[in-house]
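Trainee: Hi, I have a chain open on my screen and would like to walk through it with you. Can we take it piece by piece?
Mentor: Happy to, pull it up.

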Amino acid sequence: MDPRPICSLLLLAGLLLHSLYTIDAVGLSVLPGPTVASGTPVTLSCSVSVSHNSTRRLTHVFRFTRYDTTVYTVTSTHAEARLRLDPARAADSGEYECHVEVKEKVRSSVGQKLTVTGLQTPVFQLSASVLYESEELVATCSAPQEKGALVFHFLQRWAGGAVSLIKQVMAPGNWSETRLVLRDAGDREMFCNYSIPMAPQAGSSNSSNTLQVLVKVKPAVPPHAGLFISPVMNVLPSTSVFEGEVVEVVCKVVNPPGPVDVYLTKDRKVLKRGEVGLSHRLTVGIADAGEYVCKAEYGAAQKETYQTIKGNSDKHRHRT
């Protein structure tokens, strides 16, 4: 018997069990080029060349990284994979590499730099345009077309042209809403811009739209203002009522020296607020019995008045 066919079969079986392969090269290209304007579609193409002795198609794991951080992974039997940035923004700038894994072997491409130029002009919004000094307002700065974490700068420009930074906020996305306190009275223009920490070469964006803001001097509290804002508090029809009855709590300041805020509270919970006075109706239950506080505020001056409501159960109603 001729032993050669048997040897050939054994050799083929050995090759199938122990396939041989080597990764020859991994290449990465950036199209349309390494420097593009913001909004341009960019394709990063990674190709791999593998020498092997198998008739089967090999499986490749492509991993795209930017600054050693994985941004995209795909598994394919094809020798090429693509990462598409459409549209590319400044936050996509950086040095990219492609790493290809075939079974237990890995080979990487040469790094390719991508620079995306230009930043979107942000949009600026404010919750108020006229306020008193040291009052808060809400400011919003947004750049909806950008990607990644942004650092927003909220600024003001005085009539003489001097610009000062009010607040800087690092946001996880492309917009920021924050509270600002304006302590100096006067007219000013307010606006915002932003930068991208991961793309410092892009610099700061253009300034947003500007909004005119007037900060007025807060009215001075007259000396001894507290003497004139002591609130008057009444509980009608009585402070001693039965459960289920309706009572009305009236709190007001008589002849106030100016705009006075009046608060009705119980157990440190604000039940109602009014200007100069207020009226609060409630159906008395077990939890409604207790001490009520009527507080008047005028600037830094405060005055309080107290009343206690006693709730009686229905069984007391029929006692002789």
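Trainee: How do β21 and β22 pair, and over how many bridges?
Mentor: Strand β21, residues 261–266, and β22 pair in the antiparallel sense, with six bridges between them. Keep in mind that this is a predicted model.

Trainee: Noted. Which residue stands opposite K266?
Mentor: That would be K269 in β22.

Trainee: And what sheet do these strands belong to?
Mentor: An open sheet of five strands, in the order β19-β25-β24-β21-β22. The pairing in this sheet is mixed.

Trainee: Which strands are at the edges there?
Mentor: β19 (240–242) and β22 (269–275), and each of them pairs on one side only. As for the twist, neighbouring strands are turned by 25 degrees against each other on average, ignoring direction.

Trainee: There's a cysteine in β24, I think. What is C294 joined to?
Mentor: C294 forms a disulfide with C251, with an S to S distance of 1.2 Å. C251 lies in strand β20 (residues 246–252) and C294 in strand β24 (residues 290–298), so the link ties together parts 43 residues apart in sequence.

Trainee: Are those two buried or exposed?
Mentor: C251 is buried, its relative accessible area being 0%. C294 also counts as buried, at 0% relative accessibility.

Trainee: How many disulfides does the count come to?
Mentor: Three, going by the sulfur-to-sulfur distance rule. If you number the bonded cysteines in sequence order, the pairing reads 1-2, 3-4, 5-6.

Trainee: Let's do the others, then. What about C141?
Mentor: C141 is joined to C192 by a disulfide, S to S 2.0 Å. The torsion about the S-S bond is about 75 degrees, so this disulfide is right-handed. The pair links distant parts of the chain: C141 sits in strand β12 (residues 136–142) and C192 in strand β16 (residues 186–195), 51 residues apart.

Trainee: Buried or exposed, C141 and C192?
Mentor: C141 is buried, with 0% relative accessibility. C192 is buried too, at 0% relative accessibility.

Trainee: And what handedness does the link of C46 and C98 have?
Mentor: That link is left-handed, with -85 degrees about the S-S bond. C46 is in strand β3 and C98 in strand β7, with their positions 52 residues apart, so to speak: they are distant parts of the chain, 52 residues apart. The S to S distance of this disulfide is 2.0 Å, and both C46 and C98 are buried.Trainee: Since you brought up β3, which sheet is it in?
Mentor: β3 belongs to an open sheet of three strands, in the order β1-β3-β6, with antiparallel pairing. β1 (21–31) and β6 (80–85) stand at the edges with a single partner strand each, so one side of each has no neighbour in the sheet. From one strand to the next, the twist averages 15 degrees.

Trainee: How many bridges join β1 to β3?
Mentor: 10 bridges, and β3 here covers residues 42–52. To pick out one pairing, T22 has S51 in β3 as its bridge partner.

Trainee: Changing topic to packing. Which residues touch the most other members of the largest nonpolar core?
Mentor: L44 and F64 do, in a core of 24 residues. The elements giving two or more residues to this core are β1, β3, β4 (60–66), β6, β7 (94–102) and β9 (112–117).

Trainee: What is L44 in contact with, leaving aside its neighbours within four places in sequence?
Mentor: Its contacts include L28, V30, F64, A81, L83, L85 and Y96. S29 and R82 are also on that list.

Trainee: And what lies apart from this core?
Mentor: Another core, made of 23 residues, with L182, M190, V213 and V215 among them.

Trainee: One last residue: where is Q156, and is it buried or exposed?
Mentor: Q156 is in strand β13 (residues 150–158). Q156 has a relative accessible area of 9%, so it falls under the 20% cut-off and counts as buried.

Trainee: Which side chain makes a polar contact with the side chain of Q156?
Mentor: The side chain of R188, at 2.8 Å. Beyond its neighbours within four places in sequence, Q156 is in contact with residues including L182, R188 and M190. L182 and M190 are also members of the core of 23 residues.

Methods: Residues numbered from 1 in each chain as written. Predicted model: local features only at pLDDT ≥ 70, side-chain atom pairs only at ≥ 80, totals over all residues. Heavy atoms only, no water. Pairing = 2+ DSSP bridges. Helix = DSSP H or I, 4+ residues; strand = E, 2+ residues; numbered from the N terminus. Axes fitted to C-alpha atoms, helices over the stretch in contact; angles between N-to-C directions. Buried < 20%, exposed > 50% of the residue type's maximum accessible area, 1.4 Å probe, protein only. Polar contact = N/O pair within 3.5 Å; in protein donor to acceptor, adjacent residues only side chain to side chain. Contact = heavy atoms within 4.5 Å. Core = buried A, V, L, I, M, F, W, Y, C linked by side-chain atoms within 4.5 Å. Disulfide = S-S within 2.5 Å.
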